[in-house]
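Got the viewer open and a selection box ready? Let's walk through this one stop by stop, picking residues as we go.

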Amino acid sequence: MRYTPIRNISEEEKRQLYDLLDNNTDIKYRAKIVLLAGDEGYTVPEIREMTNIYDKTIRKWIHRFNDYGVCGLFTEIDYSRMIKITDKARKEILHISSISPRALGLKFSTWSLRSIAGYVKEKKMVKIDGISHTTVRDILRKNGIEWRHSKTVLDSSNKSRDPEYELKKAY
C-alpha cells in the first residue's frame with residue numbers, strides 16, 4: 001500500500017477548504033479529500049471507503065493541493081471545445097433519422113447512428129469538428145426515439161446467396 005503524504009494545511013487554507021464544502025460542484029469533493037487526508041489524518045484507502053472515489057483520483061487531488069494549494073483544486077474548463085448543438089441542429093437530426101437516406105441522395109437505404117453523425121458532420125450542421133454517434137443516440141433518446149440495429153429477414157422470395165445457408169439454418 002502506497003503512502004501519499006499531504007503537507008501541513010494552514011489555518012487560512014482550512015477556512016477556504018471548509019467554505020468549498022458548501023459548493024455544489026466537484027470542488028466540494030476535492031476539498032473533502034484534502035481535509036480528510038490532512039486535517040483528519042485518513043489514508044487514501046480509508047478516504048476511498050468514505051467517499052467511493054478511486055485511489056488514483058484521491059492521490060491526484062492531494063498532489064495538486066501539495067503543489068498549488070487550494071487553487072490546485074480548481075481546473076480550467078475550455079468551453080470553446082465543448083460541443084455546441086443548437087436546437088435547430090437537434091431538430092434536423094430528428095428529421096434526418098425519420099427519412100430514408102436515399103431521399104437525401106445517399107447510396108444506402110438505412111441509417112446507423114454513425115452514418116447520421118457522419119452526415120451531420122459533412123453538412124456542417126453543428127458548430128464543432130464533428131459529432132459522435134453517442135451524442136446522436138442521446139438526442140434521439142431524449143425525444144423518445146429508441147435506436148436499434150436493423151435486422152435482415154429472409155423470406156421465401158428472398159433467398160440467401162450463401163451456398164451453405166440451408167445447412168447453417170438447420171443448426
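A salt bridge here is a side-chain nitrogen of Lys or Arg within 4 Å of a carboxyl oxygen of Asp or Glu. Keep that in mind for a little later, and remember throughout that you are looking at a predicted model.

**Colour by confidence**

Start by colouring the chain by pLDDT. The mean is 82, and 85% of the residues reach 70 or more. Which helix comes out lowest, and which highest? The lowest confidence is in helix H8 (residues 165–170), with a mean of 76, while H3 is highest at 92. Where pLDDT is low, the predicted coordinates should not be read in detail.

**Select Thr4**

Now go to Thr4, which sits in the segment before helix H1 (11–20). Is Thr4 buried or exposed? Its relative accessible area is 11%, so Thr4 counts as buried. Show side chains and you'll find a polar contact between those of Thr4 and Arg59, at 3.0 Å. Leaving out residues up to four places away in sequence, Thr4 touches Val44, Arg59, Ile62 and His63.

**Select Leu17 and Phe65**

Next, the largest nonpolar core. This core has 20 residues, and Leu17 and Phe65 are those with the most contacts inside it. The elements giving two or more residues to this core are H1, helix H2 (26–39), helix H3 (44–51) and helix H4 (55–68). Which of them gives the most? That would be H2, with 7 residues.

Zoom in on Leu17 and show what surrounds it. Not counting residues up to four places away in sequence, Leu17 touches Ile9, Ala31, Val34, Leu35, Phe65, Val70 and Leu73. Apart from this core there is another, of 16 residues, including Leu113, Ile116, Val120 and Val126. We'll get to that part of the chain shortly.

**Select the salt bridges**

Switch to charged side chains. How many salt bridges does a search of the whole structure find? There are 9.

Pick Arg7 and Glu13 to begin with: their side chains meet in a salt bridge, at 2.6 Å from N to O. The partners sit in unlike surroundings: Glu13 is buried, with a relative accessible area of 14%, whereas Arg7 is partly exposed at 29%.

Then select Glu12 and Arg15, whose side chains form a salt bridge with an N to O distance of 2.4 Å. Why are these two separated by about one helical turn? Because they are 3 residues apart in helix H1. Glu12 is partly exposed, at 40% relative accessibility, and Arg15 is partly exposed as well, at 43%.

While you're there, add Glu11, Lys14 and Asp39, which are linked in a network of salt bridges.

For another pair, jump to Arg141 and Glu146, where the closest N and O atoms of the salt bridge are 3.6 Å apart. Arg141 is partly exposed at 45% relative accessibility, and Glu146 counts as exposed at 57%.

**Select helix H6**

Highlight helix H6, residues 113–122. Which of its residues are buried? Leu113, Ser115, Ile116, Ala117, Tyr119 and Val120 are. Turn on helix H5 (87–98) and helix H7 (133–142) too, since the buried residues of H6 pack against both. Leu113, Ile116 and Val120 also belong to the 16-residue core from earlier. After H6, click on Lys124: its phi is positive, near 55°.

**Select Phe108, Trp111 and Tyr119**

Last stop: the aromatic rings. A pair of aromatic rings is described by the distance of the centres and the angle of the planes. The structure holds 2 such pairs. In one of them, Phe108 and Trp111 meet edge-to-face, 5.6 Å centre to centre with 80° between the planes. The rings of Trp111 and Tyr119 have centres 5.7 Å apart and planes at 65°, so this pair is edge-to-face too.

How exposed are the three? Phe108 is partly exposed, with a relative accessible area of 32%. Trp111 is buried at 10%, and Tyr119 is buried, also at 10%. Select Phe108, Trp111 and Tyr119 together and you have one aromatic cluster on screen.

Definitions and conventions:
Residues numbered from 1 in each chain as written. Heavy atoms only, no water. Helix = DSSP H or I, 4+ residues; strand = E, 2+ residues; numbered from the N terminus. Buried < 20%, exposed > 50% of the residue type's maximum accessible area, 1.4 Å probe, protein only. Polar contact = N/O pair within 3.5 Å; in protein donor to acceptor, adjacent residues only side chain to side chain. Contact = heavy atoms within 4.5 Å. Core = buried A, V, L, I, M, F, W, Y, C linked by side-chain atoms within 4.5 Å. pLDDT = per-residue confidence, 0-100. Phe/Tyr/Trp six-rings, centres within 6.5 Å; stacked < 30°, edge-to-face > 60°.
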